[in-house]
Amino acid sequence: MLLNNKAERDEKIIDFTLANSKNLLLIFTRNPELGKGKRRLAATIGDQAAFNIYKFLLDHTVTITKNLYAEKQVYYSEEIWEDDIWDNKKFAKKLQTGDDLGERMANAFQEGFQKEYQKIIIIGSDMLDLSQEDLEAAFKALEKNDFVIGPAEDGGYYLLGMKKFMPELFKNKSWGTETVLKDTLADLENETTALLETKNDVDYYEDIKDIDAFAPFLKHMTL
């Protein structure tokens with residue numbers, strides 16, 4: 001009984017500290033549905049394999065974020081799912097709003113700053129190359145910088161963080177193309193910005209074909 005009480009007490013303390021955390025992690029996710037999402041990957045490996053890989057990546061994102069010292073908000077693309085892999089006790093759930101990715105991200109950041117969070121970071125939900133330590137390093141980078149960015153190998157970024165809202169970052173970008181990072185860094189030219197390690201995100205078969213973790217999903221490709 002004592003152990004249970006202690007565990008319960010510890011959990012309450014953790015909940016309390018998180019509630020008072022000024023760090024906010026925004027997780028943008030697409031509702032996982034067969035035949036939707038990961039279209040460029042599905043074009044090569046098929047809908048079912050792409051769907052299974054996306055669910056695998058979602059599980060990974062839950063694992064690396066659930067114990068992070070920050071408030072966590074999952075922003076769904078289509079509709080909020082109450083009973084899914086995102087534990088309602090650890091993740092607040094919201095719906096993305098806006099006409100394009102830039103507008104949707106801007107709205108999420110703006111809402112966070114209006115709620116008086118001091119450091120806000122956004123990630124997607126499909127990066128196998130990302131760890132909890134990477135996210136902690138990103139929040140730490142915001143102690144001495146106003147912005148932090150995680151460059152992706154394809155010319156985009158896998159992480160963006162800031163201590164002050166900057167609307168320009170979300171405007172006049174060709175989202176999903178190789179110019180996004182370059183154009184974003186141009187906006188940040190006169191700001192203090194930390195650059196994280198460049199990482200590979202998962203869009204095409206070539207991104208995953210040589211990575212062991214994906215081998216179980218690609219057995220049909222070698223037949």
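In the predicted model, Asp187 is partly exposed, with a relative accessibility of 27%. This residue takes part in a salt bridge with Lys173, in which the closest N and O atoms are 2.6 Å apart. The pair links distant parts of the chain, as Lys173 sits in the loop between strand 6 (157–162) and helix 6 (180–187), whereas Asp187 belongs to helix 6, 14 residues apart. Unlike Asp187, which is partly exposed, Lys173 is buried, and its relative accessible area is 11%. Lys173 counts as buried because its 11% relative accessible area falls under the 20% cut-off.

A further salt bridge joins the side chains of Lys182 and Asp183, with an N to O distance of 3.6 Å. Here Lys182 is exposed, at 54% relative accessibility, and Asp183 is partly exposed, with a relative accessible area of 24%. Lys182 is placed in the exposed class because its value of 54% is over the 50% limit.

Glu111 and Lys94 also form a salt bridge, and their closest N and O atoms are 2.7 Å apart. Glu111 is part of helix 4 (residues 101–114) and Lys94 is part of strand 3 (residues 92–95), so the salt bridge ties together parts that are 17 residues apart in sequence. Lys94 is buried at 18% relative accessibility, while Glu111 is partly exposed at 26%.

Salt bridges also occur as a network, which links Lys38, Arg40, Asp126 and Asp203. Over the whole structure, the search finds 16 salt bridges.

Charged residues also form a surface patch. Asp129, Glu153, Asp154, Glu178 and Glu197 gather on the surface in a patch of negative charge. One of these residues, Asp129, lies in the loop between strand 4 (119–123) and helix 5 (132–141). Asp129 has a relative accessible area of 38% and is partly exposed. This value of 38% is compatible with membership of the patch, because patch residues are required to have over 30% relative accessible area and no salt bridge.

Towards the end of the chain, Met221 is found in the segment after helix 7 (205–208). The residue is partly exposed, with a relative accessible area of 28%. When neighbours within four places in sequence are left aside, Met221 is in contact with Thr44, Ile45 and Tyr205. Met221 and Ala49 are 172 residues apart in sequence, while their C-alpha atoms are 10.0 Å apart in space.

At the level of the whole protein, 7 helices and 7 strands are present. Along the sequence these elements follow the pattern α-β-α-α-β-β-α-β-α-β-β-α-β-α. The protein has 223 residues, of which 44% count as buried. Among contacts between residues at least 6 apart in sequence, 65% join residues at least 24 apart. The accessible surface comes to about 12,200 Å², and carbon and sulfur atoms account for 49% of this area.

Key:
Residues are numbered from 1 along each chain as its sequence is written. This is a predicted model: local features need pLDDT of at least 70, side-chain atom pairs count only at pLDDT 80 or more; totals for chains, interfaces and linings use all residues. Side-chain values use heavy atoms; hydrogens and water are left out. Patches are made of residues with over 30% relative accessible area and no salt bridge: like charges are joined within 9 Å, nonpolar side chains (Val, Leu, Ile, Met, Phe, Trp, Tyr) within 5 Å. Accessible areas come from the Shrake-Rupley method with a 1.4 Å probe; for residues, only the protein chains shown count as cover. A salt bridge is a side-chain nitrogen of Lys or Arg within 4 Å of a carboxyl oxygen of Asp or Glu. Lys and Arg count as positive and Asp and Glu as negative; His and the chain ends are not counted. The place of a charge is taken as NZ of Lys, CZ of Arg, CG of Asp or CD of Glu. Helices (H or I, at least four residues) and strands (E, at least two) are DSSP runs, numbered from the N terminus. Buried means under 20% relative accessible area, exposed over 50%, partly exposed in between (1.4 Å probe, protein chains only). Contact means heavy atoms within 4.5 Å.
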